[in-house]
Amino acid sequence: MYYLCAMTEKILIQYSDVEITRESFIVLENVSFDLKEGQLTYIVGKVGSGKSSLMQSIYAEVPIDKGRATVLDFELNGIHRKKIPYLRRHIGMVFQDFRLLNDRSVHDNLEFVLRATGWKKKDERYERIDQVLKSVGMENKSYKMPFELSGGEQQRVAIARALLNDPKIILADEPTGNLDPETGYQIFETLANIASLGKGVIISTHNHSLVDQFPAHVLLCEDKHLCHLP
């Protein structure tokens, strides 16, 4: 069971008439939507419809030249390259292929991220690793290597990694694409629970069954436009 948090109305992401292009080709146009604290939103659509490009624009991987886009008070239009790492520190990203480092344990995967983002004290790093692993039910697997884990367990570690720096936004791009239905359900449940704690969560997915089981706001990428579904 999960509950969407409606206590706050702070807007984390706001797009207004945005055009998203890749190599001068228009992927999406007239894109307008917002994401608030505690809100879970899905992005659905066919392969090649622009879902990933939209997600990538949020963390400034894909530039925005037309319209207005604001993420956590960062203006994305013409954002300076030096500001992008500061933006991304407030965004946790979860990918379909997990992207764990296979030559080190779960604990060392997470510690690598903390070291890279300025956590200097060992005891604070260890405490934070324990916290995020517990939050996704992986507190007893910190010593395991990624290849010793199931796909669902690897994705839980990936979610824990995304939570390390207590981001305000979680972006999950096809997080259940490589998982069986039961495990996919558990991953969606975990992400929905994260939203209920006050974070903004966006999930790009093809899995309409899971969208139906965890109802929330749905955005459809279709014919180069972003439609808000009821």
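Buried means under 20% relative accessible area, exposed means over 50%, and partly exposed lies in between. That scale places Asp34: at 24% relative accessibility, Asp34 counts as partly exposed. The model described here is predicted.

## Salt bridges

Side chains of opposite charge can pair when their charged atoms come close. Here the cut-off is a side-chain nitrogen of Lys or Arg within 4 Å of a carboxyl oxygen of Asp or Glu. By this rule the structure has 10 salt bridges. The table gives three of them, including the one made by Asp34.

| Pair | Closest N to O distance |
|---|---|
| Lys36 and Asp34 | 3.4 Å |
| Arg104 and Asp103 | 3.2 Å |
| Glu153 and Lys141 | 2.5 Å |

Take the pair of Lys36 and Asp34. Lys36 has a relative accessible area of 22%, so Lys36 is partly exposed. Its partner Asp34 is partly exposed too, at 24%.

Next comes the pair of Arg104 and Asp103. How exposed is Arg104? Arg104 has 26% relative accessibility and therefore counts as partly exposed. Asp103 is exposed, because its relative accessible area is 58%.

The third pair is Glu153 with Lys141. This bridge links distant parts of the chain, 12 residues apart. Glu153 sits in helix H5, which spans residues 151-163. Lys141 sits in the loop between H4 and H5. With 23% relative accessibility, Lys141 is partly exposed.

Some salt bridges share partners. Which residues do they join into one network? They are Glu111, Arg115 and Arg125.

## A patch of negative charge

Charge also gathers without such pairing. Asp123, Glu124, Glu127 and Asp130 form a patch of negative charge on the surface. Residues in a patch make no salt bridge and have over 30% relative accessible area. Asp123 belongs to helix H4, residues 122-135. Is Asp123 buried or exposed? Its relative accessibility is 54%, so Asp123 counts as exposed.

## An open sheet

Strands of a sheet pair through backbone hydrogen bonds, either parallel or antiparallel. One open sheet in this model has four strands, in the order S2-S1-S4-S5. Their pairing is antiparallel. Which strands stand at the edges? They are S2 (25-36) and S5 (74-75). Each has a single partner strand, so one side of each is left without a neighbour in the sheet.

Look at the S5 end. Strand S4, residues 64-71, pairs with S5 over two bridges. The sense of this pairing is antiparallel. Thr70 stands opposite Glu75 in S5.

## Two positive phi angles

Most residues other than glycine have a negative phi. Glu23 has a positive phi, near 50 degrees, and is not a glycine. Where is Glu23 found? Glu23 lies in the loop between strand S1 (11-22) and S2. With a relative accessible area of 82%, Glu23 is exposed.

Lys224 is another residue with a positive phi, of about 65 degrees, although it is not a glycine. Lys224 also lies in a loop, between strand S9 (217-222) and strand S10 (225-229). Its relative accessible area is 36%, so Lys224 is partly exposed.

Note on methods:
Residues numbered from 1 in each chain as written. Predicted model: local features only at pLDDT ≥ 70, side-chain atom pairs only at ≥ 80, totals over all residues. Heavy atoms only, no water. Patch = residues over 30% accessible without salt bridge, like charges linked within 9 Å, V, L, I, M, F, W, Y side chains within 5 Å. Areas by Shrake-Rupley, 256 points an atom, 1.4 Å probe, with all protein chains shown as cover. Lys, Arg positive; Asp, Glu negative; His and termini not counted. Charge placed at Lys NZ, Arg CZ, Asp CG, Glu CD. Buried < 20%, exposed > 50% of the residue type's maximum accessible area, 1.4 Å probe, protein only. Pairing = 2+ DSSP bridges.
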